[in-house]
Structures are given as C-alpha cells and as structure tokens.
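Student: I would like a close look at the inside of this protein, please. Could you take me through it slowly, as one connected story?

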Amino acid sequence: MIGSAVLGGIEEQDWIDRMADPLQRGIQSVLRRAPTVAKVLHGKFLGHPLHPVLVTIPIGAWSCALVLDLAGIGRRRRRLHRGADATAAIGLGGALVAAFAGLADWSTTLGPAKRIGFVHGAMNLAIAGLYGASLTSRAIGLRPLGIALSTAGFGLAGASGWLGGELIYRYGVGIGNDACERRPEMQVPVPEAPIADAG
C-alpha cells in the first residue's frame, strides 16, 4: 500500500532526528516554564487536543479561496477577487495559530511519530510560505501567479493533512490512554468491504 510505504520511508530517516531533537527540546523547555500555556495548547480545557479543532480554520478558508479563485478566473469580478484574497489571508492566520498547538502536541512524540510529525510540520511551513507568496503576488497585481501558488499550497495541504491524520489514528498522538472506552454498546463494528470480482 502506498500510504504504508510513504510512512515507512519517513520512519527510516534517522537524519530527521538531528533537526527534530533540538527543536523538540526547545519547545519542551518553553512549555515547562509556562504550564498554563501548555495546558491551553494541549486543549486540556476542551478535554481533547486543540490542534485538530484549529486546523478547520485554514482548511475551510483555503477551500473557499480556491472556489472563489476558480469562479473569478477570466472575469473582472472584484468581489470574487477580494473574497478569495481575504479568505486566503484568514486561512494563513488560522494556520499560524494552529501551528502553536500542533508544535505543543508534537513535543510529546517519540521515535517514528516524531519523524512523521516533523515532516508534517515542515510541509505546513512550506504551505504557509506558498500562501504568503500568493498573497504578496495578489497584492502587487500578479493574480495568476498568486492563484497558482495558493493552488499548489492547497494540494500540499491535502498531503500534509493525510500525515496529520496518520499521526492521530495510527500513532495516537494527542490521544490519552483513557480516551477511548472500548465498550461494545458504544460502537458498531465496521465490516471489511469485499473486493469486487474483476472476472
């Protein structure tokens, strides 16, 4: 399976630790000195991690920006252009806020999850750079370039979001040991889908 191959490839890259370890130690040090901030960033007041809640802001805003950009291509509809620019900026702002919570959660990871999380964060940094460059291009009148940059950022966000999902569902990042009570009455088992007979 392609997904497992990608994850396995990242997990084997021990050179990532040389960059990840100092960064992780620095974040841990800051959060130890500010326990209240750490609790907020980890979502203790919600009862579950804050990062997955915050990432809905950039995902939603950038989805709107993409739709508005596509609707405004080849047209001189300033409302569409202004709306696309505004939602792209809102998404970038939301992504920066979500990054703080994501870094806090990542600071608790070890081994393979730490490496996957580092790549996820690096991808998100690249996405922020693409959207920042897009907003700059739009502001100086290079709208087609701005649209191309934000579209590339949106595509990369899909890949990064997949890695984020793997961090939660495969590696359990941000999920406490007591988070899931496995009681039969609480969940209906999902059967394996049969593979259609090609013959």
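**From the chain to its interior**

Tutor: Reading from the N terminus, the elements of the protein chain follow the order α-α-α-α-α-α-α-α. That makes 8 helices and 0 strands, where helices (H or I, at least four residues) and strands (E, at least two) are DSSP runs, numbered from the N terminus. The model is predicted, so to speak of a local feature we need pLDDT of at least 70, and side-chain atom pairs count only at pLDDT 80 or more, while totals for chains, interfaces and linings use all residues. Numbering starts from 1 along each chain as its sequence is written, and side-chain values use heavy atoms, with hydrogens and water left out.

Now let us move inside. The protein chain has 199 residues, and 34% of them count as buried (buried is under 20% relative accessible area, exposed is over 50%, and partly exposed is in between, with a 1.4 Å probe and protein chains only). Next come the contacts (heavy atoms within 4.5 Å). Among the contacts in the protein chain with a separation of 6 or more, 72% are between residues 24 or more positions apart.

Leucine 92 is a good place to start. You will find leucine 92 in helix α6, which covers residues 78-106. Leucine 92 counts as buried because its relative accessibility is 15%. Setting aside residues up to four places away in sequence, leucine 92 touches Trp62, Ala128, Tyr131, Gly132 and Leu135. Isoleucine 59 is 33 residues away along the chain, yet its C-alpha atom and that of leucine 92 are separated by 9.7 Å.

Follow Tyr131 from that list and you meet another buried residue. Serine 150 sits in helix α8 and, at 5% relative accessibility, counts as buried. Not counting residues up to four places away in sequence, serine 150 touches Asp69, Tyr131, Ser134 and Arg138. Keep Asp69 and Arg138 in mind, as we will come back to them.

Histidine 120 belongs to helix α7, which runs over residues 111-139. With a relative accessible area of 13%, histidine 120 is buried. Its contacts, leaving aside neighbours within four places in sequence, are His51, Ser160, Leu163, Gly164 and Leu167. Tryptophan 162 lies 42 residues from histidine 120 in sequence, but the two are 9.0 Å apart in space, C-alpha to C-alpha.

What about charged side chains? A search of the whole structure finds 8 salt bridges (a salt bridge is a side-chain nitrogen of Lys or Arg within 4 Å of a carboxyl oxygen of Asp or Glu). Let us visit some of them.

One joins arginine 143 to aspartate 69, with 3.9 Å between the closest N and O atoms. This pair links distant parts of the chain: arginine 143 is in helix α8 (residues 143-169) and aspartate 69 is in helix α5 (residues 56-72), 74 residues apart. Arginine 143 and aspartate 69 are both buried. Aspartate 69 is also one of the residues that serine 150 touches.

Arginine 138, another residue that serine 150 touches, forms a salt bridge with aspartate 85, and here the closest N and O atoms are 2.8 Å apart. Because arginine 138 lies in helix α7 and aspartate 85 in helix α6, the pair ties together parts that are 53 residues apart in sequence. Arginine 138 is buried, and aspartate 85 is too.

Helix α7 gives us one more pair. Lysine 114 forms a salt bridge with aspartate 17, with the closest N and O atoms 4.0 Å apart. Lysine 114 lies in helix α7 and aspartate 17 in helix α2 (residues 16-33), so this salt bridge ties together parts 97 residues apart in sequence. Again, both lysine 114 and aspartate 17 are buried. Here the pairing goes further, as Asp17, Asp21, Lys114 and Arg115 are linked in a network of salt bridges.

For contrast, step outside for a moment. Arginine 82 belongs to helix α6, as does leucine 92, but arginine 82 counts as exposed because its relative accessibility is 53%. Phenylalanine 45 is in the loop between α3 (35-41) and α4 (51-54), and its relative accessible area of 55% makes phenylalanine 45 exposed.
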